[in-house]
Amino acid sequence: MTPDSLPGLPGHGTSQPSLAARSGEHLTAYLEGRREALGELVELLTPLLWQVARTHGCSQHAAEDAVQETWLRLVDHVQDIREPRAVLGWLVVAVKREAWRTTRVARRDTYDETGTVDPGDVQEGPEALTILTERQRTLWAAVGALPERCRTLLRVVAFVDRPDYDQVSTALGMPRGSIGPTRGRCLDKLRRALVADPKWVDA
Amino acid sequence: MTGTDTELEPFDSTDEGILRDLREVASRLDPCPADLTERILFALTVQALQAEVAELTSQTELVSRSMAPDPTEASTVTFSAEHLSIMVTVVREDARHTRIDGWLTCGSAEVEVDLSDGRVETVLADAEGRFVVTGLPQGSSARLTVRPEEGRPVITPQFSL
């Protein structure tokens with residue numbers, strides 16, 4: 001097994017094992033009895049799982065619950081995961097299902113408008129906007145204008161590495177090849193919208 | 001709704017750059033709460049130990065900082081679980097250290113002090129349930145895991161030292 005503690009060199013992202021590969025190494029270590037490895041896996045993947053919950057209609061509070069519940073469930077079902085690097089997809093599917101379950105309940109009471117039904121509306125306060133450059137504001141608005149499935153795919157895929165795209169899009173219920181090795185429909189739509197926008201400056 | 005030619009082009013460095021920017025914007029506008037991983041780790045520990053989480057029942061400042069510059073300032077925190085109660089007095093030792101004087105209603109038990117910096121101290125409470133832990137970093141926080149001779153372990157929420 002390759003050591004997972006070697007950090008990728010800045011600017012050489014491809015030399016680092018992908019997120020799925022690193023996750024698999026942590027899971028293997030945990031199954032071999034190194035208990036702290038589970039904590040490292042939690043630290044590594046929770047920011048991604050947060051995006052999954054938020055793009056599936058969870059309020060902030062519901063997203064916290066969905067992500068936490070998923071980790072507890074992983075420990076109970078860890079033996080079901082035959083291939084350690086598949087843990088990434090397993091977790092994405094589990095958060096998605098948990099998010100659907102909780103939002104179905106929540107919709108009956110209140111519906112969170114700050115969720116990602118329109119990500120352009122997340123924290124539109126002056127504070128949130130001043131921390132963004134015009135380029136970033138343009139990007140966020142363009143993402144907000146995409147169909148929901150594309151919005152979800154791109155926002156989640158942005159948090160993983162390229163070799164993981166297939167595993168993650170499949171987990172999100174999108175066909176293989178929705179993104180990578182070709183650009184794919186969603187990213188193409190976004191890119192064409194950006195190019196057409198005079199406020200978008202190609203960095 | 002047929003596809004465009006450009007969607008079949010290979011994923012290039014511009015695409016990579018767009019996703020990198022998207023990650024940054026999403027992390028800023030909709031960040032994962034900073035303490036979420038810590039709470040998940042706590043929940044996982046509770047589950048792994050099949051432990052009971054004690055409830056904070058009271059918290060008293062015996063001598064408040066503003067009333068007296070007395071170095072003996074102390075505070076008392078009590079927790080309760082189904083079969084045991086825990087009382088902890090946090091006493092200042094010197095400028096940088098605090099001591100905890102604890103008492104468990106269950107008598108003898110192993111007490112683990114988990115400090116927020118990752119350090120772990122383990123002591124045994126005597127037959128009367130008394131235990132003392134000294135030299136703890138002042139201003140940090142801790143939680144206790146109590147393993148009674150019988151029954152489930154009990155974990156307290158964090159309290160400050």
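**Helix packing and cysteines**

H9(A) and H1(B) are roughly perpendicular to each other (a term for angles of 65 to 115 degrees; under 35 is roughly parallel, over 145 roughly antiparallel, the rest oblique). This is a predicted model, where local features need pLDDT of at least 70, side-chain atom pairs count only at pLDDT 80 or more, and totals for chains, interfaces and linings use all residues. Residues are numbered from 1 along each chain as its sequence is written, chains are lettered from A in the order in which they are written, and side-chain values use heavy atoms, without hydrogens and water.

**Helix pair**
- H9 of chain A spans residues 184-195 and H1 of chain B residues 13-29 (helices are DSSP runs of H or I, at least four residues, numbered from the N terminus).
- Their packing angle is about 90°, with axes 11 Å apart (axes are lines fitted to C-alpha atoms over the stretch in contact; angles run from 0 to 180 degrees between N-to-C directions).
- H9(A) makes the contact through Leu187(A), Leu190(A), Arg191(A) and Leu194(A), and H1(B) through Thr14(B), Asp15(B), Ile18(B) and Leu19(B) (contact means heavy atoms within 4.5 Å).

**Disulfide**
- The count over all chains is one disulfide (a pair of cysteine sulfur atoms within 2.5 Å).
- Cys150(A) is joined to Cys186(A), S to S 2.2 Å.
- The torsion about their S-S bond is about -70°, so the disulfide is left-handed.
- Cys150(A) lies in H7 (residues 148-157) of chain A and Cys186(A) in H9 of chain A, so the pair ties together parts 36 residues apart in sequence.

**Cysteine exposure**
- Cys150(A) and Cys186(A) are buried (under 20% relative accessible area; exposed is over 50%, partly exposed in between, with a 1.4 Å probe and protein chains only).
- Cys58(A) is buried, at 0% relative accessible area.
- Cys106(B) is partly exposed, at 30%.

Key: Helices (H or I, at least four residues) and strands (E, at least two) are DSSP runs, numbered from the N terminus.
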